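User: I'd like a close look at one small part of this model, and then a walk through whatever helps to put that part in context. Take your time with it.

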Amino acid sequence: MRKKVQNHRDPVAGHLDAILDSIEDGVFIADRDGYALKVNAAYEQLTGMTKAELIGKNVEELKKEGLFNIAPITPEIVATGRPASSIQVTRDNRSMTIDGKPVRDPDGTVSLVVLYARDITLMARMRERISRQQELIETYQHQMDFFIREGGGVTGFIAENSAMKRLMDLLRRVAATDAVALVLGETGVGKELFARMIHEASPRREKPFVKVDCASIPENLIESELFGYAPGAFTGAHPKGRVGFFEMAGGGTIFLDEIGEMPLALQSKLLRVLQDRELTPVGSSKARKTDVRVIAATNRNLENEAKLGTFRSDLFFRLRVAVLEIPPLRDRPDDILPLARLFLQRFGSRYRKRVAFSLEAERIFAHYNWPGNVRELENLIEGLVITCDGEIAADDLPTAMRVKECPLPAAGPQEPAAPGAAPAGPGLPADYERPYKEVLSAFERDYLERAIAHFGSVGEAARRLGLDRTTIFRKMKRAAGE
């Protein structure tokens, strides 16, 4: 076997200066007596002195010349044989961290000291700059979250569709006034978002924005919740009384969501508040002045409700001073992908994941009907970001988005079933592995969920289906196995 011929000339020795200059930290090499033997280009830059000015000089001499503000650590390292550190300030007021390490001869004697210098002034500036950039990123992220979820300002809303652009122009004009506003649209189109944008673009933006969900408050409590109550107004009332939502929103905006669910008896009292700008707490005979802007929202057709007598016509006319009707997402398809990408960016940042849509997924998004509107889109994308890695493919989307619903069979004679085949319902896959009651319960829950999505609220679904709201809640809870 051939032995490799060793080159007795050390190839590193001829490149030592270049090697030292390639190191980003400042390097200062001294002998055990403290005389400088080598320095690199970074050390020259840090100290403002050239190699010619440094090499051959003793560290004590350099201290006297003002290069350092405190005694150098070279003698300490030679004396103890252990590494040492210090902070030095150069003559041009630059702070450096100095880390020194001993280099020993074979017999253990310290023969050299290598000092590594870092400019902590520069490091502090970089940290400060990074901190400022991080604050800026957090501010932008906060603003994006606010615009999309909380309503921020008018400029934060996605509106590629021409009808939506006209609606945003109307919103700006309405926001500049103090008029009552009525926001209409299907469930999930963003009525609360619009209400918040009106508030944020109005002169009342520094005052409270109070949301009241009229559909979620029991009928026997909604009056006291809105207008407050006097001490001892009813059994169980707080002895000092309580202010209502209108007084909480003093000087600001009160948002009456699902106003179509408000009981008729209370509608007349709300009308008086809007007309006279004063309210009377429950159990009190003394009226109080109120200064709030009212924004109402509903997914119901209040004009038809007023004709049918299920909503007061005088209140309807009082509310429709400034009407903003938000089109459903299916009627503004050019907003679907911009919104989807914005939600993807937002949730990707929130969950620190890098995901993207495949072309096929975007095609499905663009052609899907979105019965749940923007809320359905937002919730779907949040779930996809959580559950997917890398690319969101078509197979990651819900089956309902990828497969068209089976049509109902045509009326008239049907083809006979194959011998031994089980009969199946119209367009529905049969499942004979589950108990009948379980299948029926699941179907009932699905039917009720679709009815609520179709009619826009539990109250409206109950009214149209001839059920009580409590019955719907009970059936859905039972179907869920709770």
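Here's the part I'm after: in what do the side chains of Asp169 and Arg172 meet?

Analyst: They meet in a salt bridge, with 3.1 Å from N to O. Keep in mind that this is a predicted model, so every value here is computed from predicted coordinates.

Let's stay with that pair for a moment. Both residues belong to helix α7, which runs over residues 162-175, and they sit three residues apart, about one turn of the helix. The general geometry fits nicely: an α-helix has 3.6 residues a turn, so residues three or four places apart point the same way. Side chains of opposite charge can then pair when their charged atoms come close. As for cover, Asp169 counts as partly exposed because its relative accessibility is 39%, and Arg172 lands in that class as well, with 40%.

That bridge belongs to a bigger set, as the structure holds 23 salt bridges. Some of them reach beyond a single helix. Take Glu278 and Lys289, whose side chains form a salt bridge at 3.6 Å, N to O. That pair links distant parts of the chain, with Glu278 in strand β9 (residues 278-279) and Lys289 in strand β10 (residues 288-289), eleven residues apart. Glu278 is partly exposed, given its relative accessibility of 29%, while Lys289 counts as exposed at 67%.

Now for a bridge between two helices: Glu382 pairs with Arg350, their closest N and O atoms being 3.9 Å apart. Glu382 is part of helix α16 and Arg350 part of helix α14 (residues 336-350), so this bridge ties together parts that are 32 residues apart in sequence. The two partners don't share a burial class: Glu382 is buried because its relative accessible area is 18%, and buried means under 20%. Arg350, on the other hand, is partly exposed at 38%. If you set aside its neighbours within four places in sequence, Glu382 is in contact with Phe347, Arg350 and Tyr351. Phe347 is itself on the list of buried residues in α14.

Both of those helices hold up to a quick length check. Helix α16 (residues 373-387) has 15 residues, so at 1.5 Å a residue it should span 21 Å; its end C-alpha atoms are 22 Å apart, which agrees. Helix α14 also has 15 residues and an expected span of 21 Å, and its ends come out 21 Å apart, so that agrees too. Each helix has a good run of buried residues. In α16 they include Asn373, Val374, Leu377, Leu380, Ile381 and Leu384, along with Glu382 itself. In α14 they include Ile336, Leu337, Leu339, Phe343 and Arg346. Just after α14, Arg352 takes a positive phi of about 55°.

Salt bridges can also come as a group rather than as a pair here: Asp25, Asp99 and Arg118 are linked in a network of them.

Turning to the strands, β1 (residues 26-31) and β2 (residues 36-39) pair in the antiparallel sense over three bridges. In that pairing, Phe28 stands opposite Val39 in β2. The two strands form a hairpin with four residues between them, and Gly34 in the turn has a positive phi of about 95°.

For something without charge, look at the surface around helix α18. Leu440, Phe443 and Tyr447 make up a nonpolar patch there on the surface, with about 320 Å² of accessible area together. Leu440 is found in α18, which covers residues 436-455, and Leu440 is partly exposed, with a relative accessible area of 46%.

Finally, the wider frame for all this. The protein has 20 helices and 14 strands, and buried residues make up 40% of its 482 residues. Among contacts between residues at least 6 apart in sequence, 61% join residues at least 24 apart. The protein exposes about 28,200 Å², of which carbon and sulfur atoms supply 53%.

So, back to your pair: Asp169 and Arg172 bridge about one turn of α7, whereas Glu382 and Arg350 tie α16 to α14.

Terms used: Residues are numbered from 1 along each chain as its sequence is written. This is a predicted model: local features need pLDDT of at least 70, side-chain atom pairs count only at pLDDT 80 or more; totals for chains, interfaces and linings use all residues. Side-chain values use heavy atoms; hydrogens and water are left out. The expected span of a helix is 1.5 Å times one less than its number of residues. Buried means under 20% relative accessible area, exposed over 50%, partly exposed in between (1.4 Å probe, protein chains only). Two strands pair if DSSP finds at least two bridges between them. Patches are made of residues with over 30% relative accessible area and no salt bridge: like charges are joined within 9 Å, nonpolar side chains (Val, Leu, Ile, Met, Phe, Trp, Tyr) within 5 Å. Accessible areas come from the Shrake-Rupley method with a 1.4 Å probe; for residues, only the protein chains shown count as cover. A salt bridge is a side-chain nitrogen of Lys or Arg within 4 Å of a carboxyl oxygen of Asp or Glu. Contact means heavy atoms within 4.5 Å.
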